[in-house]
Amino acid sequence: MIAETVCSAVAVAGLGIAAVTAYRKRFLAAARIAAYSLVPLGLVMTGAVGWVVDTAFSPTAWAGFVVLGGAWALFATTRAVERRRGGTRKERRAAARAAQTDTVAPAASAPSLGRAARPASRPEAAPRATGGSDDFSDIEAILKKHGI
């Protein structure tokens with residue numbers, strides 16, 4: 001009852017402000033103010049305000065909101081844990097099976113990517129020229145370092 005009275009008073013006050021604004025020849029602003037002031041009156045007439053008031057003062061409704069919040073928290077937590085672990089149980093099993101496959105070809109006697117594929121030691125870089133020469137010795141050293 002109080003909420004309906006307050007909404008009606010807000011609507012009447014808004015329409016009064018819209019009338020004053022229209023008197024000042026600002027018709028577009030007056031129409032916008034009138035539209036905003038009619039919203040609370042429309043909500044009262046449709047019964048939305050009564051529903052909100054009944055919901056706001058109902059302990060059962062608040063308990064329902066608490067249950068919904070708990071369900072949302074559980075859902076968010078399980079999604080976060082699932083993302084951290086790397087997906088669903090099916091995806092983890094498929095990844096574990098893929099990791100168990102051998103890196104050795106069926107007819108090979110040693111792993112394909114063993115120590116022989118890597119150089120035993122890195123070659124020493126050539127000593128730098130001490131003169132103010134404009135050669136590319138720095139770039140050559142970097143390229144040699146990376147094996148290019």
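These legends accompany an overview and four close-up views of a predicted model.

**Figure 1. Overview of the protein chain, an all-in-one look at its helices and confidence.**
Let us start with the whole chain. The protein chain has six helices and zero strands, so its elements read α-α-α-α-α-α from the N terminus on. Of its 148 residues, 10% count as buried. The accessible surface comes to about 12,900 Å², and carbon and sulfur atoms account for 65% of that area. Among contacts with a separation of 6 or more, 29% join residues 24 or more positions apart. Please keep an eye on confidence as you look around: the chain averages a pLDDT of 80, and 76% of the residues score at least 70. Confidence is highest in helix H1 (residues 2-23), with a mean of 93, and lowest in H5, with a mean of 78. Where pLDDT is low, the predicted coordinates should not be read in detail.

**Figure 2. Lysine 25 in the loop between H1 and H2.**
Here the backbone deserves a friendly second glance. Lysine 25 has a phi near 65 degrees, a positive value in a residue other than glycine. Most residues other than glycine have a negative phi. With a relative accessibility of 64%, lysine 25 counts as exposed, because the cut-off is over 50%.

**Figure 3. Methionine 45 in helix H2 and its spacing from glutamate 4.**
Methionine 45 belongs to helix H2, which spans residues 27-46. Its relative accessible area is 68%, so methionine 45 is exposed. Glutamate 4 is 41 residues away in sequence, yet the two C-alpha atoms are 8.7 Å apart in space.

**Figure 4. Threonine 55 and its surroundings in helix H3.**
This view turns to a buried residue. Threonine 55 sits in helix H3, made of residues 48-56. Its relative accessible area is 17%, which means that it falls under the 20% limit for buried residues. A polar atom of the threonine 55 side chain lies 2.8 Å from the backbone oxygen of tryptophan 51. Leaving aside residues up to four places away in sequence, threonine 55 touches Ala61, Trp62 and Phe65.

**Figure 5. A nonpolar surface patch that includes phenylalanine 136.**
To finish, here is a look at the surface. Phe136, Ile139, Leu143 and Ile148 together make a nonpolar patch of about 450 Å². Phenylalanine 136 lies in the loop between helix H5 (89-100) and helix H6 (137-145). Its relative accessibility is 57%, so phenylalanine 136 counts as exposed.

Notes. Residues are numbered from 1 along each chain as its sequence is written. Side-chain values use heavy atoms; hydrogens and water are left out. Helices (H or I, at least four residues) and strands (E, at least two) are DSSP runs, numbered from the N terminus. Buried means under 20% relative accessible area, exposed over 50%, partly exposed in between (1.4 Å probe, protein chains only). Patches are made of residues with over 30% relative accessible area and no salt bridge: like charges are joined within 9 Å, nonpolar side chains (Val, Leu, Ile, Met, Phe, Trp, Tyr) within 5 Å. Accessible areas come from the Shrake-Rupley method with a 1.4 Å probe; for residues, only the protein chains shown count as cover. A salt bridge is a side-chain nitrogen of Lys or Arg within 4 Å of a carboxyl oxygen of Asp or Glu. pLDDT is the predictor's confidence in each residue, from 0 to 100. A polar contact is a pair of N or O atoms within 3.5 Å; within protein, one must be able to donate a hydrogen and the other to accept it, and residues adjacent in sequence count only if both atoms are side-chain atoms. Contact means heavy atoms within 4.5 Å.
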